[in-house]
Structures are given as structure tokens and as C-alpha cells.
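Colleague: I'd like a close look at one part of this model. Could you take a single helix and walk me through how its residues sit and what they touch?

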Amino acid sequence: MNRRRMRGIFRSCVAVAAAVLVLAQPVDGTRTVYATSGNEVETVERSSDRVITDDDRAEADAQLKYHVDSILKRTNPDEYTLQKLNDTLYSAYYYIANTELSVSELWSYVAEMKGKLDAVVPDVSVTTPTTEFLAVGDNWETPSVSYGQQVSIVLPIINLGSEDLTDLVVNPVVSNDVAVWPFEPSSTGYGQSFAEIPGNPFGGNYEAGMFARRELTWQFTVREDVLTGYYPLPFEVWYTKEGVRCEEPVTLTVYVYTQGKPGAGHIGGDTSAVESKPRIIVTGFETDPGEVYAGDTFMVTIHVKNTSKEQAVSNVLFDMQAVESGTEANTTYAVFLPTSGSSSVYTDSIAPGSEYDINIEMTAKTDLSQKPYVLTVKMKYDAGKDIDLTDEAKVSIPVLQKARYDTGDIQVMPASLAVGNQSNVVFSIYNMGKTTFYNLQVKYEGDFVEGGDTFLGTLKPGETANVDSMLTATAPSSNGTVKALITFEDESGNPVSFEREFALDVYEEVYDEPMIPENMMPEEQSGPNVGLIAGIAAAAAVVAVIIVIVVIRKKKKKAAALKLEDDFLNGLGEDKQD
């Protein structure tokens, strides 16, 4: 529970007593003068044996509350001590409200509880209590103002003490330090005075103090170099009490929120200035051309931004460092090399919240594999009083490899064929680059052939794919040309295709008719049956020729068989003679 809340609880409790008690002021240590709601003034001896009334209880509560306020005025207790004070006070409230006591017993108990309250805070001096209690009223809101503007600062002063204070003089605590005082110094001074502020008749009642408050107003001009944040504004209050001038002033504090110029820095709730350090970040990049191939020269543009909304950065140096790769005689090299020979870019400053473009031309090494490569952007800059601040960011630039391919000689077997027959096409495809071919396939285009489509799948760098296709001839074509269309997808999914041509001769197969000798052709005869007779004669001649051939062949076969038989029998006879 913080102190403001604690005091708020105390005030609410005393407000109940104030509804009954119009005036209660201790005259001396043994008697009290008070007036009831009926305005009948009565003097009560604190040593009386009379049973206490609600008015007595309210007066006792107010005295205890006033005593706690006096402790808070003289000390700065922590949260634990405030809680103990709160518990002790409320136990006293509860006892007084629920116990039948005489007046003398009541005030004896009040004196006892004051001692217990003093014991909660060991450094409280009980011999010289401070009775004045000046505070700032809570009816005024903290103003907000920007650099160079004017503002009205109001100080509402309330007196929670029981004594009147006179001859008050109030001075703001002015400083030339911008981290302490946000306003322009004035040559005329700021002191203000007023005659008096009455004491609190209810022993520290906040509502009564607010009713009798005094409000002072100052006009200030905010400095151009003011910091951003809440400034505490302390005011010293000098006063006279019962004809005696105070030895030390009371300090009352109000606050103002100021908005400084961009980059002016911040101030915390205390009086120390705190400046946030800006950051430079990479927001994006692009290359020209958009696709970077190994061996190409390209322009890279990197977008950076000063994220601070108030602080500019200056003397900004960017250094682009590409990742190293490769081994040649145990050495490594950067995958991107600047064409100018320098990888650094400089700019004077970047305003708060502004962006800056880094442009540098670079060349990608020719032997890079197809993948993204990291380019590190190292940043060094100054910001205000801070120098050599650093940041670092990374971008990944994809590098592509151009597909390199070739084919072997195309062999066609047979190279000439009749319609309806098939020819075998054989050749090789070579992957000569550093990128893998995906979905590799071959199709054939020609008006006189069909079929032969071949799917080869994946072909890695340095590998060979062998094509073995069968084409079917569908139409004659003398020395016709057939296209082999080879297609695949690279590692980026882009389609690639190329063609190869070869010759293929397709002919129509022709069957010749049998020839008949002229001397066997029948003579032409006149009459209606000449053609028929000639045809029959020709057919008879052909049949006769065939019969003659068959007879001759049979005779030859029979003679050969007889000879073989005679040779076999002769052989047997010779064996017997032997």
C-alpha cells in the first residue's frame, strides 16, 4: 500500500468524525472544548469519569489520525512501516468504537496508542513534534507541454496542521540544468507570498484543508532543449508560526510532462536524464537483375531504417561482408566481391524514423552452387553523446546456376523403313552444369512417325541419361526430319527445353505382278469370246509350266534317292568281301 493510498484511508475515516464534530481543538492536556451538531459548546475534562459518547470517540480518532500524519510528515517510512502504522491505527479505531470507557480511560488509551505508533518508527522524536503539515491538493492535473511553449503551473497548498501559518513565501527551486528544470530562467524571479493559511480545525482533516487551501500560479516558457518525460517541480515554502519564523522551508512538489525535440532524450521520474540509444535495422533488399546467376555482376540495394523516433544517427558506416566458401590450396574466398574493390558505404546521418538505401555492385563467383548465400551488413554510427555504436544484420541472396546440357550422336536403326514398321532411336543426354534436372523426358515430333515418348526422371550434375526409344512409321517421307524435344525443370522449378533433329526415311512397300513371255500370249481373235479364250490359254500355260517344274524336281529327288541307296548297298557288299 503506497503512502497516498494510506493517507486517503486516513482521510475517509476522519470524514465520519467531521460529520458529527464541528469544532474540536485541544486547549491543554486535560480538557477539550468542542461543539456538537446542535452548536452547544461544552468543556469536558479529560480526567472525567463520565462514560464516553460518539463525539468523544470521534475526537479521539481525530487525535490519533493527526498524530500519524505528524509521523509521516517528519519521516519517510517504507511500505512495511506504513502497513504497521495502518494496522496499529485501525486496531485503536476498533477498540475505541466497541469499548465502553470513561473519558479519562479513553484519553489514557489515546496516549498509550500514540506511544505505540511512535514505536513503529524508531527515529520519531516524541519530544518535539511538528504540528504544521503542508501538502499539495489533489485538485490539479499534471499539464503536458512541448518545447518552446508556455504553460501555467498551479500549486494548491493545504494546511493539515492545527496552527495558523502566516507570512508565507513560496519560491520554485530553479536550476540551469536542463535535466533538473525544464523552463527558461527569468531575470525577474519567481517568488510569491501571501499573508496566511488557516490551521485545520479538525486535526488533519483533508476535506477541511482543501476548503481553506491557497492556490498560486506561475507562467513558464519551456526550454528549446527540454528533455521528454515527467519533470518534478519543487517549491520551497517559508512561513511563520506563532510569531516564530521556520528554520527550514517545507518543500512541495508538482509535476509537468514535457515533449522535447526529436533526439532530445528522455528524463525519468527522478532528476536524472536517460537517453535511449537508437537502432538501425534492415527492412528489406532487392537485386538488379532480380535473379542472380553464378558469375554474374549485379546491383544489390539494402533498405535500412533508424528506428528511433527522436534521436538521429550520424557518421554511419556500412560494411558488407559476404560469407566465405570454397577451398583452393587451403584458402577460402568471399562468394560476392564488390566491383569497386571496397565493400563499405558511408552516409553523414539518418534522421529519426527515416530510411536509407545502401547500393553496392557485386560479382558472384562462377563456381557457386545453386543456393542462398548470406551477406552480413555491419553498421557503425554515432548518436548524440554516444559514439561507435554498432549493429549487425544479415540478408540472404539466392544464387542460381545456369543449366548446361548436351547430347551425344543420335543413332537411328534402321534409318530407312517401310510404313508400319518401327525404328530404334538411341542417344545420351549430359548434365554439364551444377544444377539438377528434374522430370527429364523426351518426346518426338514428326508428321510421319508416332510414339517413342521416354521419361528419364532426375539427372544430377555430372551424370548421363541414356535414351532408348522406338518410333513407328505412319506415312512415307523421303529423307524426313524428326525432332527430339527434350524438357526438364531446374532447381527453381523453371521449365527448360531444347531440341535435336535427325533424319528418317519412310517408304511405301510395293509388290510386282508376274511377267508372261510374249510367245505365250494368245493371239487376238475377233468375236465376243476372244478375251476369255486368251485368258484361259494364258492360265493353262502357267499351270503347265508349274507342272513341268514340279515333275522335274520330283525326278531329281528320286534319282538322288536311288543313287544314295546304291552307294549304301555297294558299301555293304565290300564289307562282306573283306
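Modeller: Sure, and bear in mind that this is a predicted model. Let's begin with the aromatic pairs, which come to 14. One of them is Tyr-95 with Tyr-109: the ring centres are 4.4 Å apart and the planes sit at 25 degrees, under the 30 degrees cut-off, so this pair counts as stacked. Tyr-95 belongs to helix 3 and Tyr-109 to helix 4 (residues 103-120), so the pair links distant parts of the chain, with the two positions 14 residues apart. Tyr-109 is buried, at 13% relative accessible area, whereas Tyr-95 is partly exposed at 33%.

That brings us to helix 3 itself, the part I'd zoom in on. The helix runs over residues 79-98, 20 residues in total, and at 1.5 Å a residue it should span 28 Å; the C-alpha atoms at its ends are 29 Å apart, which agrees. Now for who faces where. The buried residues of helix 3 are Thr-81, Leu-82, Leu-85, Asn-86, Thr-88, Leu-89, Ala-92, Tyr-93 and Ile-96. Together they cover an arc of only 170 degrees around the axis, which places them on the same side of helix 3. The general reason for such a pattern is that an α-helix has 3.6 residues a turn, so residues three or four places apart point the same way. Turn to the other side of helix 3 and you'll find Tyr-80, Tyr-94 and Asn-98 exposed.

Methods:
Residues are numbered from 1 along each chain as its sequence is written. This is a predicted model: local features need pLDDT of at least 70, side-chain atom pairs count only at pLDDT 80 or more; totals for chains, interfaces and linings use all residues. Side-chain values use heavy atoms; hydrogens and water are left out. Helices (H or I, at least four residues) and strands (E, at least two) are DSSP runs, numbered from the N terminus. The expected span of a helix is 1.5 Å times one less than its number of residues. Buried means under 20% relative accessible area, exposed over 50%, partly exposed in between (1.4 Å probe, protein chains only). The arc is that of the directions from the helix axis to the C-beta atoms. Rings of Phe, Tyr and Trp (its six-membered ring) pair if their centres lie within 6.5 Å; planes under 30 degrees apart count as stacked, over 60 as edge-to-face and the rest as tilted.
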